[in-house]
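Let's take a friendly walk through this protein, one topic at a time. Keep the sequence and the 3D view open as you read.

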Amino acid sequence: MARVLILCIFLINVIEAQINFSITPKEIQKGETKYPIPKDLEIKVSPRYRKEIREKLKLLENKFVGTDISIRLSSVETQGNIRSVIFGMMDFKARRFEIPPQTEGYLLEVTSRGVLLMARDLMGIQWGLLRLKEVMDMKKRSIPSFLIHDWPDVRWRGIHLPMPK
């Protein structure tokens with residue numbers, strides 16, 4: 001009973017403090033430029049996975065609340081089972097061979113020309129969008145440039161909460 005009470009108190013404190021459990025990507029190269037987010041943001045997605053990706057894009061919705069940015073969805077053809085999300089003028093064809101082969105792996109690139117997110121599965125898209133959400137600076141209406149290749153070490157993601165004895 002005491003352990004349950006301690007766990008509840010811990011979880012309440014975590015929620016109130018909004019502790020960031022962000023995980024460092026496997027490979028990251030930071031750039032020196034930024035992608036300026038336009039007022040009319042066109043997001044291109046793989047037409048084959050449009051419905052699923054549109055659902056995952058809801059992860060970014062609260063970033064745009066209170067701004068004058070309008071979002072419209074369009075399609076971009078990718079090959080095979082590759083899922084993609086593209087802002088701006090990014091060339092995805094050259095990067096498709098760099099997508100990590102692991103389940104839930106993704107490639108996320110931001111340059112001054114745009115944003116490119118590619119994955120082999122929908123969970124890879126989700127993890128990439130969550131990473132993108134972390135770095136979007138809506139006050140400056142920009143996203144810092146970088147290149148990330150990331151994938152999980154294990155099949156099941158979780159967190160460890162040590163319990164006092």
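## Lys-39 and its partner

Lys-39 has a relative accessibility of 52%, so Lys-39 counts as exposed. In this report, buried means under 20% relative accessible area, exposed means over 50%, and partly exposed is what lies in between (1.4 Å probe, protein chains only). The model you are looking at is predicted: local features need pLDDT of at least 70, side-chain atom pairs count only at pLDDT 80 or more, and totals for chains, interfaces and linings use all residues. Residues are numbered from 1 along each chain as its sequence is written, and side-chain values use heavy atoms, with hydrogens and water left out.

Which residue does the side chain of Lys-39 meet in a salt bridge? The partner is Asp-68, at 3.3 Å from N to O. This pair links distant parts of the chain, 29 residues apart: Lys-39 is in the loop between β1 (27-36) and β2 (40-45), while Asp-68 is in the loop between α3 and β3. A salt bridge here is a side-chain nitrogen of Lys or Arg within 4 Å of a carboxyl oxygen of Asp or Glu. As a general idea, side chains of opposite charge can pair when their charged atoms come close.

## A network around Asp-68

Asp-68 has a relative accessible area of 43%, so Asp-68 is partly exposed. Asp-68 also forms a salt bridge with Arg-141, and the closest N and O atoms of that pair are 2.5 Å apart. Arg-141 lies in the loop between α4 (122-135) and β7 (142-150) and Asp-68 in the loop between α3 and β3, so this salt bridge ties together parts that are 73 residues apart in sequence.

Arg-141 is worth a second look. Its relative accessibility is 24%, which counts as partly exposed. The phi angle of Arg-141 is near 50°, a positive value in a residue other than glycine.

A search of the whole structure finds nine salt bridges. Another of them joins Glu-98 and Arg-95, with the closest N and O atoms 2.7 Å apart. Is Arg-95 buried or exposed? Arg-95 is buried, with a relative accessible area of 18%, whereas Glu-98 is partly exposed at 31%. Lys-39, Asp-68 and Arg-141, for their part, are joined into one network by salt bridges that share partners.

## The overall layout

How many helices and strands does the protein have? There are four helices and seven strands; these are DSSP runs (H or I of at least four residues for helices, E of at least two for strands), numbered from the N terminus. From the N terminus on, the order of the elements is α-β-β-α-α-β-β-β-β-α-β. The protein has 165 residues, and 39% of them count as buried.

One residue to find in helix α2 (residues 50-56) is Glu-55. Glu-55 is partly exposed, with a relative accessible area of 48%. Glu-55 and Gln-126 are 71 residues apart in sequence, and their C-alpha atoms are 9.7 Å apart in space.

## The second largest pocket

The second largest pocket has a volume of about 190 Å³. Its lining is made of Ile-43, Arg-54, Leu-57, Lys-58, Leu-60, Glu-61, Phe-64, Ile-71, Arg-72 and Leu-73. Two elements, α3 (61-64) and β3 (70-75), give two or more residues to this lining, and β3 gives the most, with three residues. By type, the lining residues divide into six nonpolar, no polar and four charged.

Some terms need spelling out. A pocket is found on a 1 Å grid over the protein atoms alone, as an open set of points where a 1.4 Å probe fits, with protein on both sides within 12 Å along at least five of seven lines; lining residues have an atom within 4 Å of a point. Grid points are joined across faces, edges and corners, and the volume is the space filled by probe spheres set on the points. Ala, Val, Leu, Ile, Met, Phe, Trp, Tyr, Cys and Pro count as nonpolar, Asp, Glu, Lys and Arg as charged, and the others, Gly among them, as polar.

## A ring and a loop

Arg-83 lies over the face of Tyr-49, at 3.8 Å from the ring centre. For a charge to sit over a ring, NZ of Lys or CZ of Arg must be within 6 Å of the ring centre and within 35 degrees of the ring normal.

Finally, look at Glu-104 in the loop between β4 (83-88) and β5 (106-111). Glu-104 is buried, at 13% relative accessibility, and has a phi near 70°, a positive value in a residue other than glycine.
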